[in-house]
Amino acid sequence: MDTIVVLDFGGQYTHLISRRIRDLNVFSHVMPAETSVEEVKSIKGLKGVIFSGGAASVYDKDSPKCDKAMLDVGVPVLGICYGHQLISLLEKGKVTYGMKGEYGITDLEITKEGSLLKEAGRTLKVWMNHRDIVEHLPEGYETVAATRNSPVAAFENPLKHVYGVQFHPEVTHTQNGMKILENFASGICKARKEWTSGLFVEKAVREARATIGNKKAVIGLSGGVDSSVSAVLMSKAIGRNLTAVYVDTGMMRHRETEFIKKTFSKYDLDLRIVDASDRFFKALKGVTDPEKKRKIIGKTFIEIFDKVADDVGAEYLVQGTIYSDRIESGHSKHSSRIKSHHNVGGLPEDMKMRVYEPLRDIYKDEVRKVAEELDMPMDIIKRHVFPGPGLGVRIVGEVTPEKAEIVRKASYIIETELEEAGLHEKAWMAFAILLSVKSVGVQGDERSYKYPVVVRIIESEDAMTANFTKVPYKLLEKISTRITNEIKEVNRVVYDITNKPPATMEWE
Ligand code: XMP
């Protein structure tokens with residue numbers, strides 16, 4: 001498949017560049033800045049390379065760099081922000097410390113249309129995020145756009161097919177940003193638009209067959225869209241060599257086991273249901289630290305898998321990890337670790353099976369498109385996300401079976417009321433969190449001293465950022481009344497009005 005590689009120089013938007021290229025139906029993926037020129041050259045179907053933005057200055061001692069030969073890999077190269085400055089530095093242009101930074105929306109004047117900014121307009125509002133600037137360009141390069149503070153806001157070297165933009169075309173605030181990326185991907189690189197869900201499925205099936213072959217694999221089915229899509233995809237690839245294991249951890253959603261049985265009975269899967277709730281609660285007894293809880297849940301999970309895997313002779317563990325899970329678990333050398341998602345960071349080092357992640361390079365909405373392509377039922381496709389460690393990360397402090405029951409019931413009330421109000425699809429997730437404090441209330445003329453429940457309803461495009469949903473007060477009131485009426489251990493309900501960042505969606 002024609003491919004555009006994005007080299008990651010540590011920018012906040014690196015993944016987004018690749019994502020935008022894929023939105024143009026051109027396949028793209030991210031590779032570390034340190035990738036060798038030979039490795040990049042050897043990528044089948046390579047049509048272009050993009051140098052991402054980055055937080056450092058090109059003059060910092062430890063700032064990520066690449067070999068100058070990366071500009072001669074035989075395909076066009078585009079530098080964005082830090083990448084734009086790096087190209088200039090590698091080619092012996094002049095990068096200087098800007099007198100003023102440019103942050104946010106800036107007016108750009110296109111001084112020469114060229115091929116990168118073709119038909120993008122004469123003046124554009126673009127999104128900037130930098131201090132260093134390219135002051136002079138080396139021979140062969142020409143300036144095609146400028147802003148007040150950036151004399152070289154975009155450049156081209158048409159003979160060498162090297163291009164640069166100081167602004168971020170991948171960010172939605174940049175006017176005609178997609179047009180500029182399309183000019184690069186389709187106009188300059190001539191990459192074919194081959195990236196569709198149909199082709200993804202074909203490629204994923206082919207890759208899985210080539211890697212796993214006739215060996216056995218197990219997959220942990222949680223009922224979430226990621227693991228469900230992975231299971232159906234993998235069963236298409238390796239058939240009955242795949243064993244799907246649903247582990248009831250005691251921290252699953254309301255009536256999850258029944259849902260799993262009903263949904264997956266239609267597929268030709270070796271489905272095994274393991275009730276391990278006692279074992280999980282025992283392992284979590286007395287543990288309050290969130291990362292420790294995640295690690296314990298991950299480890300217990302894997303031990304159970306190991307047992308099933310031994311029984312079936314599996315050599316592979318298939319996981320529904322998606323791209324945003326990998327970023328947040330700090331998979332990129334230049335990005336920081338937010339929390340260890342159990343299906344990535346919590347895996348024990350001595351695990352016997354090899355991990356296979358068929359959805360590792362795609363985002364949640366792309367996963368849903370793949371589910372449609374695979375003709376999966378709507379109640380899976382539209383299902384809200386559920387974290388690997390389950391309700392364990394929604395109970396602040398020690399996890400007990402009683403607390404799990406409270407948070408499960410409360411979440412079910414929230415989900416049903418949201419569905420009833422027609423707002424289910426607007427939200428990324430809607431759930432309850434149980435706090436470990438208690439507060440005073442009055443119920444039936446008597447003083448009560450019980451737990452509060454936090455209601456979290458949140459919207460997001462790709463899990464990287466999120467906003468709390470501005471639901472009607474009437475709906476919140478109904479949720480609150482139902483929770484305090486139907487769950488005897490709760491006497492107070494609060495609504496979480498924090499976005500991500502600064503908070504994360506889950507509380508732990
Ligand atoms: P946060 O809390 O990091 O959540 O803002 C982002 C999204 O990821 C889900 N999440 C997880 N998914 N294993 C998973 O498979 C995990 O350990 C995990 N932790 C968080 C979370 O539910 C949200 O949709």
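Select Pro502 to start: Pro502 lies in the segment after strand 19, strands being DSSP runs of E of at least two residues and helices DSSP runs of H or I of at least four, both numbered from the N terminus. The peptide bond from Pro501 to Pro502 is cis, with omega near 10°. Step back one residue to Pro501, in the segment after strand 19 (490–495). Lys500 and Pro501 are also joined by a cis peptide bond, with omega about -15°.

This is a predicted model, in which local features need pLDDT of at least 70 and side-chain atom pairs count only at pLDDT 80 or more, while totals for chains, interfaces and linings use all residues. Residues are numbered from 1 along each chain as its sequence is written, and side-chain values use heavy atoms, with hydrogens and water left out.

Zoom out to the whole chain. Its secondary structure comes to 14 helices and 19 strands. Along the principal axes, the C-alpha atoms fill a box of roughly 80 × 60 × 40 Å. The radius of gyration is 25 Å, which agrees with the value near 23 Å for a compact globule of 508 residues; the radius is taken over C-alpha atoms, and the globule rule is 2.2 Å times the number of residues to the power 0.38.

Next, select Asn25, in the loop between helix 1 and strand 2. Asn25 is a residue other than glycine with a positive phi, near 70°.

Keep helix 1 and add helix 4 (residues 177–188): the two pack at an angle of about 75°, with their axes 10 Å apart. Axes are lines fitted to C-alpha atoms, for helices over the stretch in contact, and angles run from 0 to 180 degrees between N-to-C directions. Helix 1 and helix 4 are therefore roughly perpendicular to each other (65 to 115 degrees; under 35 is roughly parallel, over 145 roughly antiparallel, the rest oblique). Show the side chains of Arg20, Ile21 and Asp23 in helix 1, which meet Met178, Leu181 and Ala185 in helix 4 (contact means heavy atoms within 4.5 Å). These contact residues divide into four nonpolar, no polar and two charged, where Ala, Val, Leu, Ile, Met, Phe, Trp, Tyr, Cys and Pro count as nonpolar, Asp, Glu, Lys and Arg as charged, and the others, Gly among them, as polar.

Now select helix 5 (residues 197–212) and helix 11 (residues 364–373), which pack at about 85° with axes 9 Å apart. This pair, helix 5 and helix 11, is therefore also roughly perpendicular. Ser197, Gly198, Phe200 and Val201 in helix 5 meet Lys369, Val370 and Glu373 in helix 11.

Turn to the enclosed spaces. On a 1 Å grid over the protein atoms alone, a cavity is a set of points where a 1.4 Å probe fits but cannot get out; a pocket is an open set with protein on both sides within 12 Å along at least five of seven lines; lining residues have an atom within 4 Å of a point. There are two cavities of 30 Å³ or more. Select His15, Ser18, Arg22, Ser28, His29, Val30, Tyr323, Asp361 and Tyr363 to see the lining of the second largest cavity. Helix 1 (14–23) and strand 2 (27–32) each give two or more residues to that lining.

Finish at the second largest pocket. Of its 25 lining residues, Arg253, His254, Arg383, Tyr412 and Glu415 lie nearest its centre. Helix 13 gives the largest share of the lining, six residues. By class, the lining has eight nonpolar, five polar and 12 charged residues.

Conventions: Points joined across faces, edges and corners; volume = space filled by probe spheres on them.
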